[in-house]
Amino acid sequence: MTTEPNHEARRQVLYWRLLAGVFAGDNQPTLEQASAGIVDDLGLPLAVLDPGISIDNVVQRYPDMRSEFDGLDFTERAEAAEAGGTEAKAGHADVQTDADADATVVAADAGADENPAVLDGIGAADVRTAALVSKLLLNVFATGSGQVSATQLSGWQSDANWLRRCLGEEAGSVHGVLTGLEGELVSRMRLREVLADPHLAAQLTPSMSLIEQLLRDKHNLSGVALANAKRLIRRYIDEVAEVLRTQVQQTSVGTVDRSVPPKRILRNLDVDRTIWKNLPNWNPNDERLYVDRLYYRQTAKRTVPARMIVVVDQSGSMVDSMVNCTILASIFAGLPKVDVHLIAYDTRALDLTPWVHDPFEVLLRTNLGGGNDGPIAMAMAQPKITDPKNTVLVWISDFYEFDRSQPLFESMEAVHRSGVKLIPVGSVNSSGHQSVNPWFRERFKALGTPVLSGRIQKLVHELKNFLD
C-alpha cells in the first residue's frame, strides 16, 4: 500500500531551507538532503536548489518551467499568509526592513501548522510552488560574500526583475532593499578590471548603482575601461530619458493668451460650453436644442519663453537626483518656449547650462561627493532671474547646510516673494529613502512651498502645471 506523502511537511522543509539560506547565510546538510529528495520526487531539476544558477538559465535549460515562474503570484500568497495570522520572525536587519512582505509569505507558510484552515487542500502542486518560490527568493536575497563577477551581477539583476514581475504593483515595497543589495554587489566587483575587458564589460547591465560607481571612479579610468564606462553611462541615460520623455511629451508650453480670439475651427469647438450656453433654446415640444451661437476654446499661447533654473546638490548621496534631474532638464530644454539653465554645486557652483541638452556631457563634468554651499549656488542662480513671474526655480538637495542654513533660506524666501515659482525637491539616496533637513522642511511648508518627495514623477507634474 502506497502512503500519500505529507505535503505539509515537505513544503515546510523547503521554506525552512529558504529561511536558513537568507537569514543564516549557510547550508544546513539535513535540509539540503531532504530538499533534494523532495525536488527529485516532484520531477524538478536540482538546478532549482542552486542559488548560483539564475532563473534565466533554468528556463533556458528547461523551457517548460518558464510558464511556472511566470505564473507565480506573490500578491495572492501574501493575502493567504495574512489570513493565516503568522508573521516573519527573522532578525537579519539588512533584509528584514524592506523585505517583510516576502519574509512574511515564507514564514507564514513555514509555520502554517498553527492554523489548519490555511493548510486545507495542500497538495503536490503547492509543494512545487514552494520550491519555485524558494528558488527565486534565494537567488535574490542570499547574495553571499566575496568578489562578484560581471556574470553574477547580470544574473542577479535578471532574477530581481523576475521578482518584480511576480510582485506586480507591490514591487515598490521592496524597491529600497533591492537597490541596496545591487549597490552592495557592485561594490564587491573589481569594476576597473571588468571594464578593461570588453567581453566582461558587455555583460554589465546599467543601473543606478552601477552608474554611481562609474561616476565616482571615472577619473581613475582610461583607455578601454573609460570607453566602456562611457558606453554604459550613455546607455543608461538613453533608457531613463525614454521613460521620462514619455511623461513629458504631452506638456503644452505657455499659458493661454486670452487677448487673442479663438480660431473658429472644428477641433477648437467647446461642445460642453456650447450646449450649456444654448440650453434656453431647448424646445420641449420637438425635443430639440436650437443653437444660435457656437463657443470655441482659446488656444493661443504666450510668446515669452518660460525660464527654468535647475539647481542640483551633487554632494553626498545625491546621485539619483543628479542623474534623473539632469536628464529631465535636457528633455525640457528640447521643448519650444522653455529656456533651461542648469547649476550643480558642492562647495563650489558650476554652471552647466552650455551642456544642458546633453546629460551625458553634464554628468562627466560633475564631481560627486564633498560638502555643500547653497549660498554660492544661489549667487549664481539669482542673476538668471530676469522675469520672476515667468521663472521656475527647482532646487534639488537634502538641504543640510548647517551654518549656512539661515542665509540660504532667506535668499530662497526672497526669490519666492519676488514671484518666482520655487520648487524644493528632497534628495533620494541609493536605497530610495528620502532624507531632508527638518529645519528646512518646516520652513518651506510655512512658506507655502512644501518639499516634494524625490519621486521624479511629482516634479514632472509640478513643472507641467507651471508651463501649461
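Which helix holds Ile275? Ile275 sits in helix 16, which spans residues 271–277. The model is predicted.

## Surface patch

Ile275 belongs to a nonpolar patch on the surface. Its partners there are Val271, Trp276 and Leu279. Together the four residues expose about 420 Å² of accessible area. How accessible is Ile275 in relative terms? The value is 41%. Ile275 is therefore classed as partly exposed, because that class lies between 20% and 50% relative accessible area.

## Nonpolar cores

The largest nonpolar core has 103 residues. Leu204 and Leu459 have the most contacts inside this core. Which residues does Leu459 touch, leaving aside neighbours within four places in sequence? Cys325, Leu328 and Val394 are in contact with Leu459. So are Ile423, Val425 and Leu452.

A second core is separate and has 23 residues. Among them are Ile343, Leu408, Val415 and Leu447.

## Two covered regions

Helix 14 covers residues 208–217. It is mostly covered, with 8 of its 10 residues buried. Nonpolar members of the buried set include Met208, Leu210, Ile211, Leu214 and Leu215. Ser209, Glu212 and Asp217 are buried too.

His7 lies in helix 1, residues 7–24. Is His7 buried or exposed? His7 has a relative accessible area of 10%. It is buried, because the cut-off is under 20%. Leaving aside neighbours within four places in sequence, His7 is in contact with Ile122, Gly123, Ala124 and Val127.

## Salt bridges across the sequence

Side chains of opposite charge can pair when their charged atoms come close. The model has 15 salt bridges. One of these joins the side chains of Glu68 and Arg128, at 2.7 Å from N to O. This pair links distant parts of the chain, 60 residues apart. Glu68 is in helix 4 (residues 66–70). Arg128 is in helix 9 (residues 124–141). Glu68 is partly exposed at 24% relative accessible area. Arg128 is also partly exposed, at 23%.

Asp351 and Lys384 form another salt bridge through their side chains, at 2.9 Å from N to O. Why does this pair tie together separate parts of the sequence? Asp351 lies in strand 5 (residues 349–351), whereas Lys384 lies in the loop between helix 19 (374–381) and strand 6 (391–396), so the bridge joins parts 33 residues apart in sequence. Burial splits this pair. Asp351 is partly exposed, with a relative accessible area of 27%. Lys384 is buried, at 12%.

## A further pair and a network

Glu361 forms a salt bridge with Arg365. The closest N and O atoms are 2.6 Å apart. Glu361 counts as partly exposed, at 24% relative accessibility. Arg365 is partly exposed as well, with a relative accessible area of 33%.

Which residues are linked in a network of salt bridges? Asp373, Glu401, Asp403 and Arg404 are.

Notes: Residues numbered from 1 in each chain as written. Predicted model: local features only at pLDDT ≥ 70, side-chain atom pairs only at ≥ 80, totals over all residues. Heavy atoms only, no water. Core = buried A, V, L, I, M, F, W, Y, C linked by side-chain atoms within 4.5 Å. Buried < 20%, exposed > 50% of the residue type's maximum accessible area, 1.4 Å probe, protein only. Contact = heavy atoms within 4.5 Å. Patch = residues over 30% accessible without salt bridge, like charges linked within 9 Å, V, L, I, M, F, W, Y side chains within 5 Å. Areas by Shrake-Rupley, 256 points an atom, 1.4 Å probe, with all protein chains shown as cover. Helix = DSSP H or I, 4+ residues; strand = E, 2+ residues; numbered from the N terminus.
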